[in-house]
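Subject: Structure handover

Hello,

Here is the structure you will be working with. Please open it beside this message and follow along.

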Amino acid sequence: MFLRHLFFILALFCVAAAVRGENAVEDSVLLNEVVVNRGSRANVSGLSSGRLSLRTDDAKMLPSLLGNTDMLKILELLPGIQTSTDGNTNLYVRGGDPGQNLLLYNDVPIYSPGHLAGIFPLFNADHVSTVDFLKSGADSRYGNFLSSVFSVNSKEAVPQKASLKGSVGLLSSQATAEWAMGKNWGASLSARKTYINLFLMPLIHYFDSSKNSELQGVGYDFYDFNATVAGRLSTKNRLTINALYSQDVFEVAENITNIDAALKWRNAAFSAKLETTLPENITLEQTAFYSTYSNRLSTAQADISINVLSSVEDIGYKNRLQYRLFGIPFESGVQYVYHNLLPQKSALTNADMAFRREAFGRNTAHDAAAFTAAVIRFGSKFQIEPGVRYQFFRSETQVADNFHSADLRFRAQYRLSATQLFRAGYSRNTQYIYKLTPSSVGLPTDFWVASSAHIRPQKGNEVSIGYYRSFADQMFELSTDIYYRNMENATEYNVDFGESKTTSFDNQILYGEGQAYGIELLLKKNYGKLTAWLSYSLGRSERRFKEINNGRVFPAKYDRTHDLSLVGAYTFNPKWDISLVWIYATGNAYTQPSSWYFVNNLPVREYAAYNSMRLPAYNRTDISVNYWFKPNNGINLSVHNLFFVRNPIYVFMAIQKDDDSGQLNVNVKRKALFTILPSISWRFKF
Amino acid sequence: MKKIILILALFTSLVSCNKSNLDEIGWTAYEPKVVVEGSIESGQFASVLLSVSAPISGKKDTATLLTHAIRSAKVSVSDGNESEVLLLRRNNNRMPPFEYISQRIRGEVGKTYYLTVEYGGKIITAETRIPAPVPLDDVQFKKSDVRDSVGYLHISFRNTSRDYYLVWTRAAPQKTFVPCLMGNIDGKQFAENENVSLQINKGIVLYPEPDYTTYFHENTVVQLKFSTLPREGYEFWSSYQNELLNFQNPIFPANTSLKSNIHNGIGIWCGYGNVVYRLDLKNMAEK
């Protein structure tokens with residue numbers, strides 16, 4: 001209970017910091033998206049066919065707030081990836097939960113929820129080459145997800161000469177250095193750092209030194225590094241080594257309740273990939289990796305202290321062999337990951353008393369998989385892509401438990417003409433490691449759990465069909481998709497439906513079933529001075545839990561019936577360009593009080609059915625103007641939320657007493673994170 | 001192209017200017033429910049407050065609030081052998097300011113008590129029992145610095161009950177006992193007979209005078225009530241505390257109604273085994 005109080009204070013300060021910090025960063029980055037296929041004259045590319053590759057070099061040609069291009073946020077402007085609320089770092093795809101996405105960095109699972117309140121993008125775009133996104137019909141080589149795959153890849157090309165590039169913004173700066181090491185080898189190193197603690201907080205305190213200032217005692221710091229070394233061991237062997245490390249610290253010292261709190265989270269990933277070309281055009285790719293994420297909350301008030309630690313650690317090896325059998329291209333491979341998880345290890349002491357908690361303890365697991373897939377063509381118009389993935393998962397907690405699954409993946413494509421095609425896909429997915437998300441506003445309080453005797457694996461099926469067409473020499477492109485997916489063992493966490501004060505988290509997980517279905521539409525103009533697209537998703541995401549709403553169907557929190565994005569960019573000349581993004585989406589579902597009453601002289605609320613109400617529709621317009629001194633060297637002016645729309649991240653009912661009249665005021669209050677946020681940044685390359 | 005840009009800009013302006021505001025947030029239909037706040041403490045008369053939950057909208061003056069109080073119910077309490085209809089009296093220190101109290105039946109440790117409320121054609125029932133009280137071994141008033149004028153209470157007791165504990169305090173200007181923040185304790189978290197020491201945060205109140213501070217001032221006399229209570233009481237007061245602390249918390253939102261042991265209504269009917277202490281903090285601080 002006390003823990004929740006502390007989180008509440010943290011959340012308030014986080015919100016206050018983000019709003020008052022006037023920085024807020026990111027958004028207009030979205031404009032970049034237009035570039036996704038700009039200039040492309042390819043035939044139907046099937047942008048929304050369930051697979052997309054987004055190049056950061058293209059994305060960065062367009063402006064971004066404070067120099068931070070957020071590739072994952074850009075993807076939210078496409079059909080099927082729901083618009084999240086301000087400050088939310090989670091990704092929601094086709095009605096799935098955020099923990100059901102597989103996020104990979106150079107093929108290594110990344111468990112980090114991102115930086116504070118989404119103010120800074122999770123990945124340094126200067127170090128990233130592409131982001132591949134699969135929202136349906138995923139390849140058989142991917143496992144442990146139910147919803148989608150985000151694969152972020154750093155630049156692996158060997159640089160020919162030394163260079164330095166980066167950006168300087170109001171809240172942070174970043175730089176990337178690249179250099180050649182001999183003829184066959186090269187390296188790149190990137191670093192980012194915020195100076196909120198160094199410059200911004202002292203400035204805010206200077207202008208608002210009152211003791212009641214919301215930002216008194218608040219601090220935030222983060223930095224990260226990326227490193228890549230790539231080169232050839234021989235003519236047939238290429239080695240790429242990647243490393244990523246980031247650390248965030250958020251601190252609060254609160255005067256009224258005398259609480260000192262610190263939230264620290266850390267993310268590290270390391271991978272070594274060896275690509276070997278074998279005779280007869282067979283290629284073998286092998287990757288060894290290590291990935292870890294941890295967060296720790298430490299709080300203290302007088303003689304009460306609370307510490308909560310969560311972590312996840314993976315050590316693994318995977319390979320894939322690409323070859324031909326009877327002229328048919330195949331891809332096969334094996335994978336092994338050792339998982340080491342520590343979910344919510346907490347310690348509460350009060351006046352030297354250590355409260356015993358029913359600890360879940362450390363959870364280790366062996367995760368082995370084998371897969372194979374093929375692309376079989378029937379003539380020039382029709383092709384199918386069948387695949388199967390077998391997975392064995394052995395979980396070791398207090399009681400060891402074994403799980404098996406054989407997931408089928410299937411895609412089919414029929415090309416009507418050079419400009420039209422149909423696609424269909426089916427995939428069966430199983431997820432043994434998943435995320436529980438207490439936070440809805442971007443604080444990294446998430447933790448990961450493994451399936452075990454106590455925690456059930458999630459399973460799901462998805463089918464989708466799509467039609468794609470291009471017009472006018474590929475200047476315009478239209479794509480439509482229809483999908484349906486179901487989920488077994490969908491989870492709800494932190495809803496306080498049961499006894500939760502002294503038991504471990506696994507007793508607080510509720511299991512139910514879910515389904516999501518919808519239609520997606522994308523109309524895109526690919527080239528010319530004006531590039532633009534219109535993205536629209538109409539869908540439902542529903543859940544049914546025995547313990548919630550008497551077993552009736554209710555909408556998932558991020559069920560957005562309508563989700564509309566309009567993106568446009570206009571290049572006047574090589575020096576000037578302008579971009580605009582407009583997003584309009586159905587509000588989140590939330591739980592609302594239906595009446596209130598007094599207990600012990602204090603008003604309390606009686607709540608209506610879970611997730612039975614909606615926040616106002618999300619409505620945001622961003623605009624951005626670039627002036628380029630020369631290519632890769634320019635100034636960006638951006639305005640996030642141009643029209644001051646207050647998009648609430650949550651709504652609550654407050655009852656306050658007027659001391660003079662004795663009258664009670666019952667008010668609906670809503671908390672918005674970002675309203676209008678202008679910014680300026682300088683991007684450079686030498 | 002310029003026309004296209006202009007059209008796009010106008011379109012987005014029109015849509016964006018149609019701002020949503022607070023008034024647009026719809027509310028679920030008002031669902032009035034009968035609310036019971038009842039207690040029977042060891043050695044004390046039974047007490048029951050009755051009201052109807054209020055709608056979520058508009059301002060509430062005192063007169064409006066009074067319309068939600070229930071003053072015409074038949075409230076009876078039984079210990080299984082003896083039954084009594086409770087009498088209504090005014091109590092301006094409570095909200096709602098009307099209290100049904102017993103005249104004969106007083107709480108006895110170990111006994112089970114049955115509550116029946118007849119109102120508006122409904123029969124509302126609940127039952128509870130009074131666990132054996134547990135005395136405190138020690139109470140201290142601690143300040144982080146001798147120059148401070150405020151501090152926290154520290155209590156210690158031997159964990160001899162297999163039930164639950166609740167700490168209440170009454171410190172001016174509070175007129176009634178208020179459950180302390182983090183003052184509800186599950187005895188099963190500790191070994192039997194283990195000596196338990198805890199810091200206590202003062203509970204907050206709105207009526208009759210608001211008091212939101214969690215610490216105690218050294219110039220006050222505090223009454224401290226240490227109760228044992230059955231599970232249904234512990235669950236109710238735990239959910240009550242969750243509601244107070246997290247109703248506007250976006251991370252761990254309190255979006256579930258309070259636990260209740262009332263059939264056909266909401267609220268609590270709970271028995272308490274009490275030990276009450278009077279603490280002069282000035283004297284305690286000077287020691």
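Below are notes on its salt bridges, strands and one helix.

First, the ground rules. This is a predicted model, where local features need pLDDT of at least 70, side-chain atom pairs count only at pLDDT 80 or more, and totals for chains, interfaces and linings use all residues. Residues are numbered from 1 along each chain as its sequence is written, chains are lettered from A and ligands numbered from 1 in the order in which they are written, and side-chain values use heavy atoms, with hydrogens and water left out.

Salt bridges

How many salt bridges does a search of the whole structure find? There are 32 over all chains. A salt bridge here is a side-chain nitrogen of Lys or Arg within 4 Å of a carboxyl oxygen of Asp or Glu.

Start with Glu520(A) and Arg94(A). Their side chains form a salt bridge at 2.8 Å, N to O. The two residues are 426 residues apart. Glu520(A) sits in strand β25 (residues 510–525) of chain A, and Arg94(A) in the loop between α3 (71–75) and β2 (101–105) of that chain. Helices (H or I, at least four residues) and strands (E, at least two) are DSSP runs, numbered from the N terminus. Both Glu520(A) and Arg94(A) are buried. Buried means under 20% relative accessible area, exposed means over 50%, and partly exposed is in between (1.4 Å probe, protein chains only).

Next, a pair that crosses between chains. Lys33(B) meets Glu606(A) in a salt bridge, with 2.9 Å between the closest N and O atoms. Lys33(B) is in the loop between α1 (2–17) and β1 (34–41) of chain B, while Glu606(A) is in strand β32 (residues 602–607) of chain A. Lys33(B) counts as partly exposed because its relative accessibility is 25%. Glu606(A) is at 5%, so it counts as buried.

Now stay within chain B. Arg89(B) and Glu99(B) form a salt bridge, their closest N and O atoms 3.3 Å apart. Arg89(B) is in strand β7 (residues 87–90) and Glu99(B) in strand β8 (residues 98–106), so the pair ties together parts 10 residues apart in sequence. Arg89(B) is partly exposed at 42% relative accessible area. Glu99(B) is buried at 6%.

There is also a network in chain A. Its salt bridges link Asp139(A), Arg141(A), Glu285(A), Arg320(A), Glu331(A), Glu385(A) and Arg411(A).

Strands

Look at strand β13 (residues 164–171) of chain B. Of its 8 residues, 7 are buried. Two strands pair if DSSP finds at least two bridges between them. β13(B) runs antiparallel to strand β14 (residues 178–186) of chain B, joined by 5 bridges. Tyr165(B) has Ile185(B) as its bridge partner there. The two strands form a hairpin with 6 residues between them. β13(B) also pairs with strand β17 (residues 221–229) of chain B, antiparallel, over 8 bridges. Opposite Trp168(B) in β17(B) stands Lys225(B).

Where the chains share a sheet

An open sheet of 3 strands runs β32(A)-β31(A)-β3(B), with antiparallel pairing. β32(A) and β3(B) (54–55) are at the edges with a single partner strand each, so one side of each has no neighbour in the sheet. Strand β31 (residues 593–599) of chain A joins β32(A) through 6 bridges. Trp596(A) has Arg605(A) as its bridge partner in β32(A).

Best wishes
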